[in-house]
Amino acid sequence: KPWTSLQRYRAYKEYNTDYVTTLTDAVIASLYRNTYHIEPATGLLNDPNGFSYFNGKYHLFYQVFPYGPVHGLKSWALMTSIDLIHWENEGLKILPDTIYDSRGAYSGSAIPLSEDELFIFYTGNTRGADQSRAAYQNGAIYGKNGQITKFEQPLLTTPAGYTNHFRDPMVFKVDDQAYAVIGAQRADETGTVVLAKADKADLTSWHYQGELHFTDEALGYMVECPNIVLIDQKPVLIFCPQGLDKNVCEYDNIFPNMYVIADGLDLETPKLLNPSEFHRLDDGFEVYATQAFNAPDGRVLASSWLGLPDIDVPSQADGVQGILSLVKELTLKDGKLYQYPVSETLSLRQDVHEMLLTQDPETQHTNSYELEVELSSNQTLYLFANADKTSYVSLNVDMGIGKITLDRENLPVSWAEEYGFTRSTYFDTQKETLKLNIFADTSSLEIFVNDGEKVMSSRIFTAPDHTHLFSDGAVKASLWTLKK
Ligand code: FRU
């Protein structure tokens, strides 16, 4: 049943123990729980937030509504890890408990201020008595002791010329000076990215620098979750335009996650220097709100929401929706952005099974595996299949044109049908062979093409015994079942 607005924004304390127990039991019984991905204990997960390294650990927060699989009253939940693989659930950290975030602690980011303090920049969503929305860009300090201390006043309010769709501050530093990019809608209902600059090293005072110019194209009606990272000194802007004209850059999902690569960053004007055209970050069915940051070991790390706004998924029947992607490392090779699971992901591999995929079923007992194949001719692979191959996800490879098509029409359940059943990606045909590293989990599939030249990330909902693999021709493959 759809939740009314009143239900979505009820105070957390109004949910009693019976309610929570019933919900938790439903989620535990769900056949869609993944084994090596971050997902919420109950309710809805959306954007990754505050991805950072602090106090000897990676910190990865996420947007959560714990009391149902819907976009309700949001908090930030925290996961910590020393290796980006084994995550500790630290619970809810930023709650919607002040007048500046009473309708939800929305997305934002984090950067260490000192050894003891992690600075958090997030959007507080609020509604006035007349239901009008107001957004505040709020600050908080997360201490080594695990406590959040919110700043008393917002760090930024929405400037004239913009609507209250103004959110998702992502803080980054250039030469020790802190800046933030913020997603915004202008008063004329067009989307843009605004840059703010910190006035002081303690990040307690900020001012607007202006809109960050990186294209002459219209950016649709809103931009969400902008991020800037520096890869080999080159700024990469990752963002989620809503309502973008498909002539600017094609996409099939309701909203795309995109990026541009530039030669430099002029933070005063402000603008990206010599920005590339727009590229899709991911060519699968579900990736959004990717958050990336420059980690202290020199790597650029990213986490994505394997989900989309305004899209219902089958696991909602079990009281849960939304998972985070594997943690990916972003690199540039020959001027192109590559994304690949961090090398620590190898530690999930158990014994290798060398196999020959054919038209006969290769039977696995789990969908939690990494499959590696190298192809030199056209091929179709079938994953998440039942034994007689009437239900499956297929992956068709055309080596001639360098095209991969993922098709999820033949599954027992369907969702997001109005956005189609196939997604395609194109790869460089210079090489003789095509390498695919395919990470399957109970209800997810992340496909990395040629070591991360392209990525296709999707949710897959099927029956628990649909764990067979096939191919049209004989294909040598290595398969590792992955640790929980
Ligand atoms: C993106 C988004 C953000 C917002 C958050 C609310 O998915 O809409 O713009 O801050 O989710 O949960």
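Me: Which residue in strand 12 is the bridge partner of Gln185?
Reply: Happy to start there! In this predicted model, strand 11 (residues 177–186) and strand 12 pair in the antiparallel sense over seven bridges. Within that pairing, the bridge partner of Gln185 is Gly191.

Me: Which residue takes a positive phi in the hairpin of strand 11 and strand 12?
Reply: Look at the turn of this hairpin, which has four residues between the strands. The residue with a positive phi, near 60°, is Glu189.

Me: Is strand 12 largely enclosed or open, and why?
Reply: A residue counts as buried if 20 or more other C-beta atoms lie within 10 Å of its own. In strand 12 (residues 191–198), seven of the eight residues are buried, so the rest of the structure leaves this strand largely enclosed.

Me: Which residue in strand 13 stands opposite Ala198?
Reply: Strand 12 is joined to strand 13 (residues 206–211) by five bridges, and the two run antiparallel. Opposite Ala198, in strand 13, stands Trp206.

Me: How many of the residues of strand 21 are buried?
Reply: Let's take its two sides in turn. Val300, Ala302 and Ser304 point one way, Leu301, Ser303 and Trp305 point the other way, and all are buried. That fits a general pattern: in a regular strand the side chains alternate between the two faces of the sheet. For strand 21 (residues 300–305), then, the buried count is six of six.

Me: Which residue of strand 21 does Ala292 stand opposite?
Reply: Strand 20 and strand 21 run antiparallel and are joined by five bridges. They also form a hairpin with five residues between them, where Gly298 in the turn has a positive phi of about 100°. Opposite Ala292, in strand 21, is Ala302.

Me: Which residue in strand 23 stands opposite Leu301?
Reply: Strand 21 also pairs with strand 23 (residues 328–333), in the antiparallel sense and over three bridges. There, Leu301 stands opposite Glu329.

Me: Which residues come nearest to the ligand?
Reply: There are 14 residues around the ligand. Elements giving two or more residues to this shell include strand 1 (43–54), strand 5 (105–112) and strand 20 (288–294). By type, the shell divides into five nonpolar, four polar and five charged residues. Those that come nearest are Gln63, Tyr106, Ser107, Glu224 and Ala289.

Me: Is Asp252 buried or partly exposed?
Reply: Find Asp252 in the loop between strand 15 (234–242) and strand 16 (258–261). Leaving aside its neighbours within four places in sequence, Asp252 is in contact with Tyr419, Gly420 and Arg423. Since 20 or more other C-beta atoms within 10 Å would make a residue buried and 12 or fewer would make it exposed, the 16 around Asp252 make it partly exposed.

Me: What separates the C-alpha atoms of Asp252 and Asp283?
Reply: Along the chain, these two residues are 31 residues apart. In space, their C-alpha atoms are separated by 8.9 Å.

Me: How far apart are the end C-alpha atoms of residues 360–476?
Reply: UniProt, in an unreviewed entry, places the feature "domain: Glycosyl hydrolase family 32 C-terminal" at these residues. Over this span the chain is 0% helix and 50% strand. The end C-alpha atoms are apart by 14 Å.

Me: What pLDDT does the chain average?
Reply: In general, where pLDDT is low, the predicted coordinates should not be read in detail. Here 100% of the residues score at least 70, and the model scores ipTM 0.99 and pTM 0.98. The chain's average pLDDT is 97.

Technical notes. Residues numbered from 1 in each chain as written. Predicted model: local features only at pLDDT ≥ 70, side-chain atom pairs only at ≥ 80, totals over all residues. Near = placed C-beta within 6 Å. Nonpolar A, V, L, I, M, F, W, Y, C, P; charged D, E, K, R; others polar. pLDDT = per-residue confidence, 0-100. Pairing = 2+ DSSP bridges. UniProt positions renumbered as here; feature names shortened; annotations may be inferred. Contact = placed C-beta atoms within 7 Å.
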